[in-house]
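Notebook open, model loaded. I went through a handful of spots and jotted down what I found at each.

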Protein chains: 2
Amino acid sequence: MSISRTGAAVAPRMSLGSKRTEPRLVSPAGAVLPLDTIIESDCIAALERLPAGSVDLVFADPPYNLQLGGDLHRPDNSMVDAVDDDWDKFASLRDYDDFTRAWLAAVRRVMKPDATLWVIGSYHNIFRVGATLQDLGYWILNDVVWRKTNPMPNFRGKRFTNAHETLIWAAREQRSRYTFNYEALKAGNDDVQMRSDWLIPLCTGGERLKDGDGRKAHPTQKPEALLARVLMAASRPGDVVLDPFFGSGTTGAVAKKLGRHFVGIERDRDYIAHARERIALASPVGDADMLAPSEKRSEPRIPFASVVERALLQPGAVLTDGNERHQARVRVDGSIMLGDIVGSIHKIGALAQGLPACNGWTFWHYKDNGKLRLIDDLRAVLRKELAAAGG
Amino acid sequence: MSISRTGAAVAPRMSLGSKRTEPRLVSPAGAVLPLDTIIESDCIAALERLPAGSVDLVFADPPYNLQLGGDLHRPDNSMVDAVDDDWDKFASLRDYDDFTRAWLAAVRRVMKPDATLWVIGSYHNIFRVGATLQDLGYWILNDVVWRKTNPMPNFRGKRFTNAHETLIWAAREQRSRYTFNYEALKAGNDDVQMRSDWLIPLCTGGERLKDGDGRKAHPTQKPEALLARVLMAASRPGDVVLDPFFGSGTTGAVAKKLGRHFVGIERDRDYIAHARERIALASPVGDADMLAPSEKRSEPRIPFASVVERALLQPGAVLTDGNERHQARVRVDGSIMLGDIVGSIHKIGALAQGLPACNGWTFWHYKDNGKLRLIDDLRAVLRKELAAAGG
DNA sequence: ACTGGAAATGAATCAAGGT
DNA sequence: AACCTTGATTCATTTCCAG
């Protein structure tokens with residue numbers, strides 16, 4: 001085992017308003033870092049046994065505290081297999097905050113001075129996590145958005161499709177000289193800087209671990225592409241990556257593939273068994289192999305509403321088909337109106353032609369200085385503008 | 001001035017660990033809501049003068065420069081005298097939290113029970129805002145990511161390009177029955193649900209307000225397309241939209257264009273002057289037909305018993321599912337019978353399929369000249385009649 | 001073996017109205 | 001306030017199964 005640079009143990013600052021006793025500041029003399037190992041233990045107890053200032057990178061996927069109500073059914077009446085595990089349940093926001101403060105403080109002690117931390121979460125918990133880590137003296141470098149290509153829809157039509165999760169990237173302290181592989185990321189991103197919004201599919205298919213009955217082995221397994229992006233960005237070969245909520249072991253599998261060491265902490269024996277097997281099967285690969293396939297390039301969907309929002313067409317503007325036989329008017333919400341019937345450009349286009357379906361973008365025209373132009377031309381204008389941002 | 005529905009003032013919950021006195025819960029008797037007006041005042045002082053339960057929607061773009069001490073509401077100056085950088089940082093975090101709690105609580109008092117709040121921020125402040133609003137009893141509905149097509153690059157190459165900002169959308173309380181124009185958003189988005197990640201350019205070019213010297217009039221002017229998306233999603237024509245940090249007046253300009261009322265609060269006279277001029281130039285969408293949010297027509301409720309009463313189906317008639325696997329018979333009272341079990345079309349439909357619920361209208365069929373038809377078609381017949389009668 | 005359609009599924013704070 | 005009834009609601013992708 002080699003630890004290139006061990007920082008002094010630094011006292012975690014009192015968090016604002018906290019009255020709890022802080023975790024022990026010194027680790028047992030002679031504590032060692034068990035490399036490429038999963039520690040079966042409660043997260044905080046295990047952290048307190050690890051040597052101070054010993055890891056280069058932390059990736060943490062803590063419980064989200066979802067607070068789900070009753071069952072949720074799809075429109076076809078099938079039931080959504082929700083996260084109903086005990087480990088995600090907390091009695092109150094305050095309990096969740098106490099838990100968050102405890103593990104973040106314990107993790108911080110174990111980090112080298114120049115180490116960074118990644119935490120992933122959703123709106124249920126990420127604000128509490130972010131505020132707490134600021135309180136503890138971490139220094140936020142970026143928040144990063146994992147945009148899902150294939151999120152679960154909102155079945156009731158009561159909210160926006162919850163299509164992303166948030167990662168916080170933070171240094172141990174403001175003056176940390178952290179690792180950021182700027183050039184490598186840029187080279188793997190068509191030679192432009194890597195942005196803070198990442199488009200990556202959910203973990204499904206062969207990558208998703210299954211138990212004996214074909215059910216998912218872990219409810220919230222993260223895609224390897226996500227971890228690969230994280231490790232490629234903020235660690236170097238040979239670094240030690242700590243994951244205090246190891247779960248199905250994605251961090252360990254990707255660390256092994258990319259030539260990093262891992263230390264995992266996990267309480268659940270079933271998860272550990274799956275993770276061990278999975279990591280044993282993983283074989284080291286070149287960096288480029290992991291980076292390349294992650295980003296999915298496809299034509300972004302442009303809402304017709306954006307054409308109106310961006311004032312390329314005014315509300316009330318007249319749309320016609322190529323022969324000007326049908327005439328509809330543009331509404332502020334991006335629907336159009338034919339007679340007194342309101343609907344999308346596609347639905348109304350189909351209706352006008354008496355067809356079951358229609359691509360409104362290539363059916364409807366607008367007048368530009370007396371000349372008839374396809375609204376698809378306006379989409380092209382927006383696409384060009386948006387292209388740099390990726391899907 | 002018309003306020004369609006005024007809710008009772010509800011005491012904000014004590015925030016976790018807060019020792020501050022809460023803002024007054026009752027507004028001055030006879031307080032009025034000055035519609036389509038900018039109030040020149042400190043944010044919190046102005047909010048406390050507005051009537052409780054009076055606005056439908058709030059959009060807030062709070063300051064997040066922690067060094068702007070003047071922008072912060074300091075209830076307690078006892079612990080300044082900072083020497084240590086860290087101490088200073090924590091003192092300012094605490095001040096920022098106090099300020100955030102104060103304005104969020106004051107806003108909450110002014111909201112109608114079913115109103116929602118939007119707050120925009122970056123990683124510097126959004127975690128503190130999000131945690132605080134949860135503490136105050138707001139119920140988060142979504143976090144929304146504004147992806148910028150043209151963000152400022154990271155010049156030093158030390159971080160990811162900060163290419164997004166985060167909006168939090170929250171209801172005043174968990175059980176609020178808030179406005180969400182689901183159908184309108186879907187119609188303007190190629191007939192698929194609107195996601196939580198929005199791709200919108202920065203405010204530049206002609207839209208960007210300039211002062212006499214050609215410099216930008218406001219440092220963080222938000223694009224109108226962003227506000228348009230927000231107002232179209234979560235408000236209705238005629239609603240009152242409050243912006244407690246009015247700035248350059250984007251909220252007011254878009255509200256006017258989209259037929260919503262606004263109330264703005266702003267302290268800076270220059271900003272107010274720019275905003276007034278800008279809003280005066282904005283022209284509302286004149287045609288109400290272009291403005292009303294698309295809806296799936298909310299149709300009158302028809303009891304199945306009416307179908308029998310009107311003899312569209314005879315008592316004893318046979319109903320089947322689409323595959324004719326299940327068979328039930330119509331009873332005089334509008335219930336149906338499967339085997340010897342009697343119940344509503346919904347209950348029996350669910351029972352037949354072994355499902356927890358079922359919409360009987362779209363499950364059961366009848367035979368019309370040997371052809372299977374949905375009983376929903378019969379409902380449509382009655383609805384059409386009802387509409388003709390002016391029902 | 002190949003193909004086309006049906007079925008399954010993913011961190012979800014997912015109803016409204018009347019009695 | 002609690003309970004019951006009615007009936008509105010899904011996208012991208014993979015896997016399964018029938019032909």
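**Asp191(A).** I looked up its exposure first: Asp191(A) counts as exposed, because its relative accessibility is 55%. My cut-offs are buried under 20% relative accessible area, exposed over 50% and partly exposed in between, with a 1.4 Å probe and protein chains only. Asp191(A) sits in the loop of chain A between helix 4 (182–187) and strand 6 (197–200). Helices (H or I, at least four residues) and strands (E, at least two) are DSSP runs, numbered from the N terminus. Phi of Asp191(A) is near 65°, which is positive in a residue other than glycine.

**Ground rules.** This is a predicted model, where local features need pLDDT of at least 70 and side-chain atom pairs pLDDT 80 or more, while totals for chains, interfaces and linings use all residues. Residues are numbered from 1 along each chain as its sequence is written, chains are lettered from A and ligands numbered from 1 in the order written, and side-chain values use heavy atoms, with hydrogens and water left out.

**Asp36(A).** I noted another positive phi in a residue other than glycine here, near 55°. Asp36(A) belongs to the segment before strand 1 of chain A. Its relative accessibility is 38%, so I put Asp36(A) down as partly exposed.

**Chain A overall.** I counted 11 helices and 14 strands in chain A. The C-alpha trace of chain A spans about 85 × 45 × 45 Å along its principal axes. Of its 391 residues, 56% are buried. For contacts (heavy atoms within 4.5 Å), I took those in chain A with a separation of 6 or more: 68% of them join residues 24 or more positions apart.

**Helix 7 of chain A.** Helix 7 covers residues 269–281, 13 residues in total. From first C-alpha to last I get 19 Å, close to the 18 Å expected at 1.5 Å a residue; that expected span is 1.5 Å times one less than the number of residues. Which residues of helix 7 are buried? Tyr271(A), Ile272(A), Ala275(A), Arg278(A) and Ile279(A) are. Seen down the axis of helix 7, these buried residues fall within an arc of 135°, so they line one face of the helix. The arc is that of the directions from the helix axis to the C-beta atoms. A reminder to myself: an α-helix has 3.6 residues a turn, so residues three or four places apart point the same way. On the other side of helix 7, Arg269(A), Asp270(A), Glu277(A), Ala280(A) and Leu281(A) are exposed. The cover over the buried residues of helix 7 includes strand 1 (37–40), helix 5 (224–234), helix 6 (250–257) and strand 8 (261–266) of chain A. At the N-terminal end, Asp268(A) caps helix 7, with a side-chain oxygen 2.8 Å from the backbone nitrogen of Asp270(A).

**DNA strand C.** I found 40 residues around DNA strand C, each with a heavy atom within 4 Å of the strand. Those that come nearest are Arg74(A), Tyr123(A), Met152(A), Arg156(A) and Lys216(A). Of the strand's atoms within 4 Å of the protein, 45% belong to sugar or phosphate and the rest to bases. What touches the bases through the backbone? A polar backbone atom of Pro151(A) is 3.1 Å from a base nitrogen, and one of Phe155(A) is 3.0 Å from a base nitrogen. Asn154(A) uses its side chain: a polar atom there lies 3.3 Å from a base oxygen of the strand.

**Thr149(B).** Thr149(B) is in the loop between strand 4 (139–148) and strand 5 (164–171) of chain B. Its 6% relative accessibility makes Thr149(B) buried. Its C-alpha is 4.9 Å from that of Pro201(B), though the two are 52 residues apart along the chain. Beyond four places in sequence, Thr149(B) touches residues of chains A and B, including Arg195(A), Glu385(A) and Leu202(B).

**Asn181(B).** Last stop: Asn181(B), in the loop between strand 5 and helix 4 (182–187) of chain B. Asn181(B) is buried, with a relative accessible area of 9%. A polar atom of its side chain lies 2.9 Å from the backbone oxygen of Ser235(B). Beyond four places in sequence, the residues that Asn181(B) touches include Met232(B), Arg236(B) and Pro293(B).

Note on methods
Polar contact = N/O pair within 3.5 Å; in protein donor to acceptor, adjacent residues only side chain to side chain.
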